[in-house]
Amino acid sequence: MRKPIIVGNWKMNKTIAEAVEFINAVDPACHDGATYGVATSFLALNEANKAAKNLIVAAENCHFADSGAYTGEVSVPMLEEIGIKYCIIGHSERRQMFGDTDETVNKKAKRLIEAGITPIVCIGETEAQFDAGETEKVIRDQLTGSLADLCPKCVANIVIAYEPIWAIGTGKSATKEIAQNCCHIVRDQIRVMYGDEAADKVRIQYGGSVKPENIAEYMAMEDIDGALVGGASLKVDSFKELIEKTK
């Protein structure tokens, strides 16, 4: 049995005060049926993590080096120091706008695992790749690069977020059948790379215009174990509804 995991990715939204206010309002609604969390800005991580009792608080990115001349970056030891246990890496916005590659995502994954922080590894194809029928190749190639040279037990404990880029912030969303098929490909590639146990245990999220109105249909799919949620995670009422719909 894989415990569902629903994480809101706030991106560049919410001040520290707004993050704490949100967590105080939402935290009591969480239940044991799933893992719920929010990924905040670096500035809000410490106070948000202090406020959270039931929610997990995740970072939105990290650097693979522990220190150095990397202006504006945040290292894994910095996340460790404030007790962060989850970190998103490889989000399509990071890949498209800030130069993340499968190689750098792999380095980040290894460093996070070494520190005992769970990576949430994002993958997904562009609209042009989807239209060209290249989705499966993109998924398998990204996983091959991003998860290279890890131990099977480590892979079993990470989270993979399949997010078709054409469905992020566009209002479009993959049908439940498309999402299930792609998450099945993810699980199959993990099986190819790391065996049955890792494939059966790894949790796979779908992300891309997930909202209270459609989350239940995604969660009903065999290979979808949760969601990485964007806009619908920013409002208290909406997030509470996501929690209610995933009981």
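This report looks at helix α5 and strand β4 in a predicted model.

## Helix α5

Helix α5 covers residues 102-115. Its 14 residues should span 20 Å at 1.5 Å a residue. The end C-alpha atoms are 20 Å apart, so the expected span and the model agree. Just past the helix comes Gly116, with a positive phi of about 80°.

An α-helix has 3.6 residues a turn, so residues three or four places apart point the same way. The buried residues of α5 are Thr104, Val105, Asn106, Lys108, Ala109, Arg111, Leu112 and Ala115. Their cover includes three helices and two strands by name: α3 (76-81), α4 (92-98) and α7 (135-146), with β4 (86-89) and β5 (118-123).

## Strand β4

Strand β4 is part of that cover. In a regular strand the side chains alternate between the two faces of the sheet. Tyr86 and Ile88 point one way from β4. Cys87 and Ile89 point the other way. All four residues are buried.

## Neighbours of β4

Strand β3 spans residues 56-59. It pairs with β4 in the parallel sense, over two bridges. Ala59 stands opposite Cys87 of β4. Together, β3, α3 and β4 form a right-handed β-α-β unit.

Strand β5 also pairs with β4 in the parallel sense, here over four bridges. Pro119 in β5 is the bridge partner of Cys87. Cys87 thus links the picture: Ala59 stands opposite this residue, and Pro119 is its bridge partner in β5.

Terms used:
Residues are numbered from 1 along each chain as its sequence is written. This is a predicted model: local features need pLDDT of at least 70, side-chain atom pairs count only at pLDDT 80 or more; totals for chains, interfaces and linings use all residues. Side-chain values use heavy atoms; hydrogens and water are left out. The expected span of a helix is 1.5 Å times one less than its number of residues. Buried means under 20% relative accessible area, exposed over 50%, partly exposed in between (1.4 Å probe, protein chains only). Contact means heavy atoms within 4.5 Å. Two strands pair if DSSP finds at least two bridges between them. A crossover is right-handed if, with the strands pointing away from the viewer, the path from the first strand over the helix to the second runs clockwise.
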